[in-house]
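Please open the model in your viewer and keep the sequence panel beside it, so that you can select residues as you read. The tour below moves from stop to stop, saying at each one what to select and what is there.

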Amino acid sequence: MRAFPIAIVAACYLVVPVVLGSNDYILSLVIAALTLAAIALSWALLGNLGGMVSFGHAAFFGVGAYTSALLAKDLGVPVFLAMLAGGAGAALASVVTMPALRLRGPYFALAILAYAQIFRILANQMTGVTGGAGGILSIPPLPTVFGFDFSSKLGAYLVILTLLVLGILAYKAIRDSYWGLALKAMHDSEDATRVIGVPSTRLKAAMLVVSAFMAGVAGAFNAHVIGFLEPDYAFAGTWSVIPVVAAIFGGYRTLSGPILGALVIYLLDQLLFKTLMPQGHQIMFGVLLGAMILFSPSGLLPLLTKPFARFKPAKRTPTPEKRHAAAA
Amino acid sequence: MSELVLQSLYAGLLAGGYYALIALGLTLIFGTMKVINLAHGEMVLLAAYIAYTAESVYGINPVLAIPLAVAAVVLTSVMVYGLVSRIRQDRELNSLILTFGIGIVLTNFVLMVWSADIRSTNVPWFNEPVVIGEAFYSTSAQVLFFLAGLGLTAALWWWLGRSWYGRALRAVASNRNAAMLMGVNPRTTEVISFVIAGLLAGIAGVALYTVAVIHPDLGHNLTIKAFVITVLAGLGSIPGVLVGAMLIGVAEYMTITLASSALQELTGMVMFLLVLFIRPSGLFGSRGRVG
């Protein structure tokens, strides 16, 4: 890690609490934005490293939320342990979705969407376990550890920030590893990578599990912060839509794109769009998504850094997209 | 019990007629341009709300509002084409995300204009019972739009297979450059396919409004239903759409009768996944590769 990212993370831990620590409203907005950033990061990990676009990350978010909430409430599992189990539950749920790995891009995206719907209906129907449409009330909040109350806004902020940093480190570790290289090669030509002996399906499956785990932990965190769950909330389309918008907006091929995207999109939505248009303010998500795909499919970050790109030495090899375009 | 099963079989087949209407436009675009229009359900819903406004504000019978609904949806559909055709790279996936965004815009537009309330028609004729042979019950709206579904499926099949533009469209789909050499303008044919998809979505919307109830969140479900039917039918197979729609209809009504109405949606989703995993080319598809 270079100095700049470390400085930003340090600022998030030290400066933000001092500046915003007393403003509960802004802090709760930031917590929600960081939760979405965590899902967006997990979505981008699957999209960038695994090469798979998902339209149903709500499936993993919801399973994580329910697993953690039920373990903590009914079995008295300590909350932080339950959150970890929530991630594991979502990872387990991703195993159920693995037949979809055989499907190509758009089919995979829509198959995961179907899974999210199926999970939502099941959560509604399994009243014995989930409480059905009535939902679960009074989910245990984040605990007090060593005298520090994590259920406060500041505590929750530090928890989600830590989860996000861990997520970034995991993403980075995978990306820079031998497997990350194999995944990158797979993105250029899956058949060629198979030929030289890379178990591409197993690698994709691993990315799905990691992504589901991250989304599940985010869901678990959210459940303990909100303290209430119902199927139509835990598996809501929002949890699938916002990560896509955020990651595409920020640039899903970069590490910081999805996180910046989630922060910008969510804060814009809550502070600006919602006050301008009380009903239907999510229309702006659609507009932003469409505009990004049309004008800068690789996201906002490349768009912002493009003016500076000409000061760098030009690359000799064309990008894969350009090669494909030339071939077609 | 067997009467109930027979009745749900009948109701399912009738529902299949208007499900086919909902799916045809999506199938057409998907089969010819390989673009999955995720805003399709929202376009159907837009037509339904226009029919609602025509009825509740101006007292026009929803069926007579079809031209208005169709005009609005065709315009939307052409705009969708205008945006989709601007995509240069990785069109299959980027058009999916783009139309997903258009769907969000349309859903929220509907929410802003018509609010989140549930609407349905108040014209009594649509809900009059039609009884066949003392055993099979339905409403006149169901019968009307079942027949419309049959008729329009046949018409689309004929158009795509026999008419000049239909053949031009298939030519562009199979080899764009060769079609251009044969004097076919690919952009014109693609615009026409979006116009026809809009036309079908417009009629489907009015059908939806008279047969069922509408609310702004429905668009997403309609898109999924249309896509399920399209996959079930097999890539671009028009008669397959009718059969697939009827299968979904029957499966849904059987689920309602034998299990519970809460599981209706589950049936469609499970069938969708099963078809994708077991027979990805659909029931009537020529060998299309999805895996």
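In which helix is the place of Asp269(A)? Select Asp269(A) and you will find that its place is in helix α13 of chain A, residues 257-276, where helices (H or I, at least four residues) and strands (E, at least two) are DSSP runs, numbered from the N terminus.

Before going further, please note that this is a predicted model, in which local features need pLDDT of at least 70 and side-chain atom pairs count only at pLDDT 80 or more, whereas totals for chains, interfaces and linings use all residues. Residues are numbered from 1 along each chain as its sequence is written, chains are lettered from A and ligands numbered from 1 in the order in which they are written, and side-chain values use heavy atoms, with hydrogens and water left out.

**Around Asp269(A)**

Stay with Asp269(A), which is buried yet has no salt bridge. Buried means under 20% relative accessible area, exposed means over 50%, and partly exposed is in between (1.4 Å probe, protein chains only). A salt bridge is a side-chain nitrogen of Lys or Arg within 4 Å of a carboxyl oxygen of Asp or Glu. The nearest side chain of opposite charge belongs to Lys274(A), 6.1 Å away; for this purpose Lys and Arg count as positive and Asp and Glu as negative, while His and the chain ends are not counted. If you leave aside the neighbours within four places in sequence, Asp269(A) is in contact (heavy atoms within 4.5 Å) with Lys274(A), His281(A) and Phe285(A).

**Where the two chains meet**

Now colour chain A and chain B separately and look at the contact, which takes 40 residues from chain A and 42 residues from chain B. Select Arg104(A), Tyr107(A) and Leu294(A), which supply 17% of the area that chain A buries against chain B, more than any other three residues. Between them the two chains bury about 3800 Å², 77% of it on carbon and sulfur atoms; buried area is the accessible area (1.4 Å probe) that two parts lose on being put together, summed over both.

Across this interface the rule finds 1 salt bridge. Next, select α5 (105-125), α12 (237-250) and α14 (283-295) of chain A, each of which supplies at least two residues of the side that touches chain B. Helix α5(A) gives the most to that side, with 15 residues. By class, the side of chain A that touches chain B has 27 nonpolar, 9 polar and 4 charged residues, where Ala, Val, Leu, Ile, Met, Phe, Trp, Tyr, Cys and Pro count as nonpolar, Asp, Glu, Lys and Arg as charged, and the others, Gly among them, as polar.

**Following the salt bridges**

Which residue of chain B meets the side chain of Arg120(A) in a salt bridge? Select Glu265(B), whose side chain meets that of Arg120(A) at 3.4 Å, N to O. Arg120(A) is buried, with a relative accessible area of 17%, whereas Glu265(B) is partly exposed, with a value of 27%. Add Asp232(A) to the selection, and you have a network of salt bridges that links Arg120(A), Asp232(A) and Glu265(B).

Over all chains, the count comes to 7 salt bridges. Another to visit joins Asp176(A) and Lys172(A), whose closest N and O atoms are 3.5 Å apart. These two residues are separated by about one helical turn, because they lie 4 residues apart in helix α7 (residues 153-176) of chain A. In chain B, select Arg119(B) and Asp117(B), which form a salt bridge with their closest N and O atoms 3.9 Å apart; Asp117(B) is partly exposed, at 42% relative accessibility.

**Loops of chain B**

Select Lys34(B), in the loop between α1 (2-33) and α2 (40-58) of chain B, and look at its backbone. Lys34(B) has a positive phi of about 60° although it is not a glycine. Most residues other than glycine have a negative phi. Ser115(B), in the loop between α4 and β1 (129-132) of chain B, also has a positive phi, near 60°.

Finally, select Ser85(B), which lies in the loop between α3 (66-84) and α4 (91-114) of chain B. Ser85(B) counts as buried, at 9% relative accessibility, and a polar atom of its side chain lies 3.1 Å from the backbone oxygen of Gly82(B).

Methods: Polar contact = N/O pair within 3.5 Å; in protein donor to acceptor, adjacent residues only side chain to side chain.
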